[in-house]
Amino acid sequence: MIAPQRDRFDLPRELCYLNAAYMTPAPKAFAATNDRTAALRQQPWQVTPQDFFTQSEEVRALAARIMACDSDSVALVPSASYAVATAARNLTPEKGSVILTLAEEFPSNYYGWTRLAAEHGATVLAVPGPAEQDWTAALLDQIDRLGSQISLVAIPHVHWSTGAMLDLVAIRKATRAVGAALFLDLTQSLGALPVSLAEIDPDFAVAAGYKWLFGLMHWVICM
Ligand SMILES: Cc1ncc(COP(=O)(O)O)c(C=O)c1O
């Protein structure tokens with residue numbers, strides 16, 4: 001357990017805010033950063049070409065630290081769906097192959113794959129919601145059933161609508177055994193749960209910055 005952090009936020013004493021899965025309150029420190037940025041934008045002649053890179057390099061290094069990966073593997077992207085589209089441009093599913101995802105997956109981790117599937121004559125299969133929310137078992141069953149027919153597994157770490165968690169290490173092992181790529185949406189876990197990309201070793205991962213990472217609009221994709 002970490003010590004209480006209430007002093008870092010502008011939260012009224014009588015309010016208990018629990019909806020971090022939607023959006024976290026920005027820490028008070030944001031105000032100072034915003035003021036600095038606004039002041040600089042009022043005097044653009046003060047902005048040097050180097051400024052475009054300094055902060056992004058800092059964010060990439062911090063993102064790499066929290067995900068346990070190399071900062072050169074991290075890119076800042078404007079949205080999770082942008083990350084999916086970027087990953088899709090780097091994948092070539094075989095004709096007739098299957099892209100696996102979960103039923104009621106967040107749309108950003110779904111529509112990009114339907115387009116990729118249509119372009120290559122593959123299909124997207126959304127694994128139906130399992131009893132007791134055991135998505136890991138449901139997914140491993142499907143990977144076992146379809147084997148090397150699977151070209152890609154595109155899943156979250158924590159399901160956005162139920163909070164059910166998946167065992168990414170076990171799923172990575174299964175995808176490797178059948179030669180399938182793995183795309184992860186870590187939006188609902190990164191910052192709240194330990195995540196080691198060094199251990200999981202996915203092909204791609206994305207996380208929205210404005211939920212459990214307390215960021216503004218930063219997104220990361222790791223390849
Ligand atoms: C699981 C999950 N992924 C991604 C996003 C954001 O997606 P995008 O950046 O494409 O709007 C959200 C936002 O609610 C989310 O809950």
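**Fold**

I read along the protein chain and noted the pattern α-α-β-α-β-α-β-α-β-α-β-α-β-β. That comes to seven helices and seven strands. I took helices and strands as DSSP runs, numbered from the N terminus: H or I with at least four residues for a helix, E with at least two for a strand.

I noted that this is a predicted model, where local features need pLDDT of at least 70, side-chain atom pairs count only at pLDDT 80 or more, and totals for chains, interfaces and linings use all residues. Residues are numbered from 1 along each chain as its sequence is written, and side-chain values use heavy atoms, with hydrogens and water left out.

I looked up the extent next. The C-alpha atoms of the protein chain fill a box of roughly 55 × 45 × 25 Å, taken along the principal axes. Then I checked burial. Of the 223 residues in the protein chain, 40% count as buried. My cut-offs were these: buried is under 20% relative accessible area, exposed is over 50%, and partly exposed is in between, with a 1.4 Å probe and protein chains only.

**Ligand**

Where does the ligand sit? I found it in the second largest pocket. A pocket here comes from a 1 Å grid over the protein atoms alone: it is an open set of points where a 1.4 Å probe fits, with protein on both sides within 12 Å along at least five of seven lines. A molecule sits in a pocket if more than half of its atoms lie within 2 Å of the pocket's grid points.

I listed the surroundings. Twelve residues surround the ligand (each has a heavy atom within 4 Å of it). The closest are A80, S81, S108, D185 and K211. The shell divides into five nonpolar, five polar and two charged residues. In this scheme Ala, Val, Leu, Ile, Met, Phe, Trp, Tyr, Cys and Pro are nonpolar, Asp, Glu, Lys and Arg are charged, and the others, Gly among them, are polar.

Which atoms pair up with the ligand? I noted three polar contacts, each a pair of N or O atoms within 3.5 Å. A polar backbone atom of A80 is 2.8 Å from an oxygen atom of the ligand. An N or O atom in the side chain of S108 is 2.6 Å from an oxygen atom of the ligand. A nitrogen atom of the ligand has a polar side-chain atom of D185 at 2.6 Å. The protein covers 86% of the 410 Å² of accessible area that the ligand has on its own. Those areas come from the Shrake-Rupley method with a 1.4 Å probe.

**Buried residues**

I went to R172 and found it in helix α6, residues 168–178. R172 counts as buried because its relative accessibility is 5%. I also checked its distance to P202, 30 residues apart along the chain: the two C-alpha atoms are separated by 7.0 Å.

A87 lies in helix α3, residues 80–88. Its relative accessibility is 0%, so A87 counts as buried. L125 is 38 residues apart from A87 along the chain, and their C-alpha atoms are separated by 18 Å.

Q188 is in the loop between β5 (181–185) and α7 (197–200). Is Q188 buried or exposed? I put it down as buried, because its relative accessibility is 13%. The side chain of Q188 makes a polar contact with the side chain of W212, at 3.1 Å. Within protein, such a pair needs one atom able to donate a hydrogen and the other to accept it, and residues adjacent in sequence count only if both atoms are side-chain atoms.

**Loop residues**

I looked at A68, in the loop between α2 (51–67) and β1 (74–76). Phi of A68 is near 55°, a positive value in a residue other than glycine. A68 is partly exposed, at 31% relative accessible area.

D201 is in the loop between α7 and β6 (204–208). Phi of D201 is near 55°, again positive in a residue other than glycine. D201 is partly exposed, with 41% relative accessible area.

Last I checked P44, in the loop between α1 (29–42) and α2. P44 counts as partly exposed at 44% relative accessibility. The C-alpha atoms of P44 and T101, 57 residues apart along the chain, are separated by 45 Å.

Technical notes:
On a 1 Å grid over the protein atoms alone, a cavity is a set of points where a 1.4 Å probe fits but cannot get out, and a pocket is an open set with protein on both sides within 12 Å along at least five of seven lines; lining residues have an atom within 4 Å of a point.
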